[in-house]
Structures are given as structure tokens and as C-alpha cells.
Amino acid sequence: MEKFSYVNATSLEQVTSLLSESGWGEVMLIAGGTDLLAELKEYIETPKTLVNLKTLPGMDSIEADASGLKIGALATVADIAMHPTIQHHYTVLSQAAGSVATPQIRNVGTLGGNLCQRPRCWYYRDESTDCLKKGGDICYAVDGLSKYHAILGGDPVYIVHPSDLAPALIALGASVKIVGPEGEKTMSLEEFFTLPAANPFRENVLEPNEIVVEVSVPAPKPNTKSFYLKAREKGAPDFALSSVAGVFEMDGKTCKTASIVLGGVAPAPWRSKEAEAAVTGKMIDESVSQQAGTDAVKDAEPLNDNMYKVTLTRNLVSRAAMMAAS
Amino acid sequence: MPEKDKKQGTNISRRNFLKGVGTGTVAATVAPSVLIGSEKAADAQAGDAIANATIELTINGKSYQVEVEARTTLLTVLRDGIDTGGNNIDLTGAKLICDRGECGGCTVMVDGKSVYACMMLAMDAQGKQLTTVEGLADGDDLHPVQEAFIQHDALMCGFCTPGFIVSSAALLNENANPTLEEIKVGLSGNTCRCGTYPFIFDAVKTASGKV
């Protein structure tokens, strides 16, 4: 790591003011640090100043009531995974949080950090590779090694978004509160993430002087079933090759509404309106669930090494639909 | 310009660039607000930028004063730190292996929870109760997990063992009687390249209910 100086945050106003002193990368935020320190050690980022958010009071709370959840950006992934109300009523979120990395990382990694973590692409993470995401000319995954890259929404940067929490939260209809120098704003978490066609350098719409402070989740409707299915290369902890966050409002075997969001296959969490349409209003059986899987990947454009993700994703979506009806 | 030359021209990494221009540039990177060097962290006003500071860490119940840079990790302090009295801290049980929060060799407990010491800044460990593998035994009385590792011969080369023992102790702190599946999940942040996992799981089962 290069040297940097360290500021213990005292207020959100101070944090946004420090961030406003420069553009991206000069002043950076640290909470759990499990992603950021790896980037610093690889010299992917060389900030002059880190602002420690952990000294901000009250931002690690998880509040649950009849209307829904409010989760502070500093809540740890472990706290989200183990929260009794989330386990009971927001199963998809609890399962997604429990699938993140390892106990040691879940114990310190935070909600805000998980949503704002940077891509795992091996070209992006390699110091000496000057790829498109880092201001270079090309995305090396297009003609290079692309086993873990995007099959949907890639052009022109084929990273995948690594967050497990994001697909689950989007499927639950979450919104995110952001604070900047001009005050706070709230937007749907789905709109928070962006594709490389809009901005190849970032994965979300945050400005350099803005910070994620809270995520709100509306309470699921009665008779809702939700799941997070995550395919990994091995049984041990890993990022998703493909994942499906499914939230299904059911009436017996009939699906009243469905929210299906894919992870690990696109540069942003990928809402599959096609798969949702295939199950909504239908009695879910084998053929309906298979149609949902097929529709979810009908626009997929795999690269040289990731054709397998099309089949994998199709089958995960089908399985999630079948689970909703069982 | 030929394609090859162009590529070389744009492929200078930031690390090599900074090495090339020497330390002057690095030293000139002043923080946006007040920069404090060699101050006690406690003396710095909240919100000040700290480049390096003398911090107090509580490790295995003992207090240590140590001067660190902001970028110094907890693992570096444990293994290579020198306290303000000139004594080596010398807690080398936590191992420096991957240095990227993947292998678990550096696992320590922070307020009773397992954490990778390589991925935590030393400054963030202030005010916490830190426990390393050296702090688990009570004098000559080994921790139940340590006893069970010996009983089950739960190691081969032994390099990962301190990390596994700390993770096992942290797991049993939270869940006194874990199932085999819960043991596997609880230890999933540690890697044993010798593949001694079945013996490790047996050892944790044996130590269950004794922590």
C-alpha cells in the first residue's frame, strides 16, 4: 500500500465536505475495508486520504417493524444474515447475506461496502493491465479469458457485479438513501446501479462526493416466498458464477407477482422482466418454470469462455420458480 | 506510433511510476485537512487527518503502545510491531500467508469475533479486545480447542493451525454445540492445503460444549 492519512469521520457533513475536495480516488471511504484494502495492496487505488466511517454514530442499526426494514450502511453482513426478523420474513436477504464470502469477512464487511464494492474481474484487479474500466482502450475480457464475465448488458465493459446483497434487496423492492453536500435523496436500489454503456468507469450513480447511508425494504406481502440461489465454482466461499434472487407472491401454486433479479451475470444486478412475465398470473408447473428460465437468458450474449453461464442461469431461474410453487 | 510502442507507453503502472519519481512526490501528497505526524492518536482532534500515530492496543488482555502508520495492518503490528518501550510485540501465531483476506492464516478475534488481521488497519483495532492464538491458553492449561486439535492430530504441516484454532474458538463462542454443517460454515474462511479438514471438524466436535 502507498501511504495515506486517516480521518475519523465526525459527521456526514464533514464526510461529504472532504469528498468534495477532489474527484474520484483522492479521498476514499473505509468501513469494513475488506474490498478497499485489497485494492490498495494491489495499487488499483492510491488514495491520499481514507475517511473512516465507523466512527459515525447510529449508522449500523437494523430496524424492523410492520412497514419494513431500515438497515444502516454500516450494519455488518453477519448482522444482516443473523437478524431473526430478516431470517423469517426476508428470507432471500438472509440467504444472500449468509452466502457472502467467509465468517471473517461477514463480521466486518458492511451493507454499504457490499453494495459499493468494485468488480472482481482479473484484468481490473491486475495493477499492470490498463483496461477500459481503468481508463485504457479495451476490455480485455472480450478477446481474452472470460470465464467469470458478463453474459448480459456487458458492452463495452464485461465485468459482473459481485454483490450478493444487491440482487436480494432489489428483488425485495429496496430503496437507498444517499447523502451529498446538498442534502439527502432516496432512489430505488435498482436505479442506483448502472451499466457500462452509461458509465464504463463506475458501477453506480454515486457522485464522487456522495455516500450511501441507509437501505429501506418494504415488508413483503402476505404469502410471499423468497429465495437466493447462488451457484459457485466450488463448495467453499466464493463469488457467484450466477445467482438468482426471487421474491414470489403466491396464491397456492399460482404466482400473483414475481420479482426475479440475477447476480453474477451482468455489470449490474439484472432484473429479469422476461422471467417475471413468464410466471406472473400463472400456475407454476414444470413447463412454466422452464419457460421462465429460457426467457431469462434469451438476450444473453456469452463471450468465449462463459457459455456455461447461460445454461446455469436458465436452470437456476427455473429452480427458483419451482421452489415458489412447492 | 506502432501499436506495440503505444502499448508500452501507456502501460506504466502507478506503483512503478511512483517508484521512478522517488519519495519526494509521495511525501508531498498532503492531506486535505490538518496533517498530524507522530502524535498520540488520543491527542488528535476527531476529524483530523492522521499520517502516523502512537496507538494503544489491548492484545490478550495486555496493553501495548505502538507507533503505526495509517496504512499499517493489525497483522503487521502483531508480528513485526515494536512497542514504544523498544520491545518486539512478537505475536507470530497469526501467519502472513495470502495477505488478501482469503486463506484465514492470520485469523484473530476482535471483541470475540473472528477477523482477518491482514485486512484490518491497526488504527481500527484501537479500543477493541484482541485475542490471538497465544492468548487462548490459560498458563499451561490449553484451550479446549487446542487440546482437541492435539487429541485428533488435526494438523499436518501446521502452518494454518493457529488460524483454524482461533476460528474454531470464535465459532464455539457463538455456538457452543455446532452441527457438522455449522462447523464447516464456521471454518469456511480458513484453508488447509494439506487437507486435514475431517480431523479439524472432529476436533471442533470434541471441543463442543467445553468453551
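Ala101(A) sits in the loop between helix H5 (91-98) and helix H6 (103-106) of chain A. In this predicted model, Ala101(A) has a positive phi of about 45° although it is not a glycine. Its relative accessible area is 22%, so Ala101(A) is partly exposed. A second residue of this kind is Tyr43(A), which has a positive phi of about 60° and is likewise not a glycine. Tyr43(A) lies in the loop between helix H2 (36-41) and E3 of chain A, and it counts as buried because its relative accessibility is 12%. The backbone also holds a cis peptide bond, between Asp155(A) and Pro156(A), with omega at about 5°. Pro156(A) belongs to the loop between helix H7 (111-116) and H8 of chain A. As background to these three places, most residues other than glycine have a negative phi, and most peptide bonds are trans.

Confidence may be taken up next. The model as a whole scores ipTM 0.96 and pTM 0.92. Chain A has a mean pLDDT of 97, and 100% of its residues reach 70 or more. Among the elements of chain A, the lowest mean pLDDT, 96, belongs to E1(A), and the highest, 99, to helix H8 (residues 165-171). For chain B the mean pLDDT is 86, with 79% of its residues at 70 or more. Residues 1-34 of chain B stay under 50 in pLDDT, and for this stretch the model has 33 contacts beyond four places in sequence.

Several strands of chain A can now be placed. Strand E3 (residues 49-52) has partners in strand E1 (residues 5-8), which pairs with E3(A) in the parallel sense over four bridges, and in strand E2 (residues 27-30), which also runs parallel to E3(A) and is joined to it by four bridges. On the E1 side, Tyr6(A) stands opposite Leu50(A) of E3(A); on the E2 side, Leu29(A) has Val51(A) as its bridge partner in E3(A). In a regular strand the side chains alternate between the two faces of the sheet. In E3(A), Thr49(A) and Val51(A) point one way, Leu50(A) and Asn52(A) point the other way, and all are buried.

Another part of chain A forms an open sheet of five strands, in the order E4-E5-E8-E6-E7 and with antiparallel pairing. Strand E4 (62-65) and strand E7 (183-188) stand at its edges with a single partner strand each, so one side of each has no neighbour in the sheet. Neighbouring strands are turned by 20° against each other on average, direction ignored. Helix H1 (residues 12-19) packs on this sheet, where it touches strand E6 (175-180) and strand E8 (211-218); the direction of H1 makes about 125° with that of E8(A). At one end of the order, E4(A) and strand E5 (residues 68-72) pair in the antiparallel sense over four bridges, and Asp65(A) has Gly68(A) as its bridge partner in E5(A).

An open sheet of four strands follows the order E9-E10-E11-E12 in chain A, again with antiparallel pairing. Its edge strands are strand E9 (224-231) and strand E12 (270-271), each of which pairs on one side only. Two bridges hold strand E11 (residues 254-263) and E12(A) in an antiparallel pair, and within it Leu262(A) is matched by Trp270(A) of E12(A).

Glu276(A) is found in helix H10 (residues 273-279) of chain A. Its relative accessibility is 7%, so Glu276(A) counts as buried. The side chain of Glu276(A) makes a polar contact of 2.6 Å with the side chain of Arg271(A). With neighbours within four places in sequence left aside, Glu276(A) is in contact with Ala258(A), Ser259(A), Ile260(A) and Arg271(A).

Finally, the two chains may be viewed together. The size of an interface is often given as the accessible area lost when the parts come together. Chain A and chain B bury about 3,600 Å² between them, and 53% of this is on carbon and sulfur atoms. On the chain A side, Tyr6(A), Lys41(A) and Gln104(A) lose the most area to chain B, together accounting for 20% of what that side buries. The contact draws 45 residues from chain A and 47 residues from chain B. Tyr6(A) thus links two parts of this account: the residue stands opposite Leu50(A) in E3(A) and is among those that lose the most area to chain B.

Key. Residues are numbered from 1 along each chain as its sequence is written. Chains are lettered from A and ligands numbered from 1 in the order in which they are written. This is a predicted model: local features need pLDDT of at least 70, side-chain atom pairs count only at pLDDT 80 or more; totals for chains, interfaces and linings use all residues. Side-chain values use heavy atoms; hydrogens and water are left out. Two strands pair if DSSP finds at least two bridges between them. Axes are lines fitted to C-alpha atoms, for helices over the stretch in contact, and angles run from 0 to 180 degrees between N-to-C directions. Contact means heavy atoms within 4.5 Å. pLDDT is the predictor's confidence in each residue, from 0 to 100. Buried means under 20% relative accessible area, exposed over 50%, partly exposed in between (1.4 Å probe, protein chains only). A polar contact is a pair of N or O atoms within 3.5 Å; within protein, one must be able to donate a hydrogen and the other to accept it, and residues adjacent in sequence count only if both atoms are side-chain atoms. Buried area is the accessible area (1.4 Å probe) that two parts lose on being put together, summed over both.
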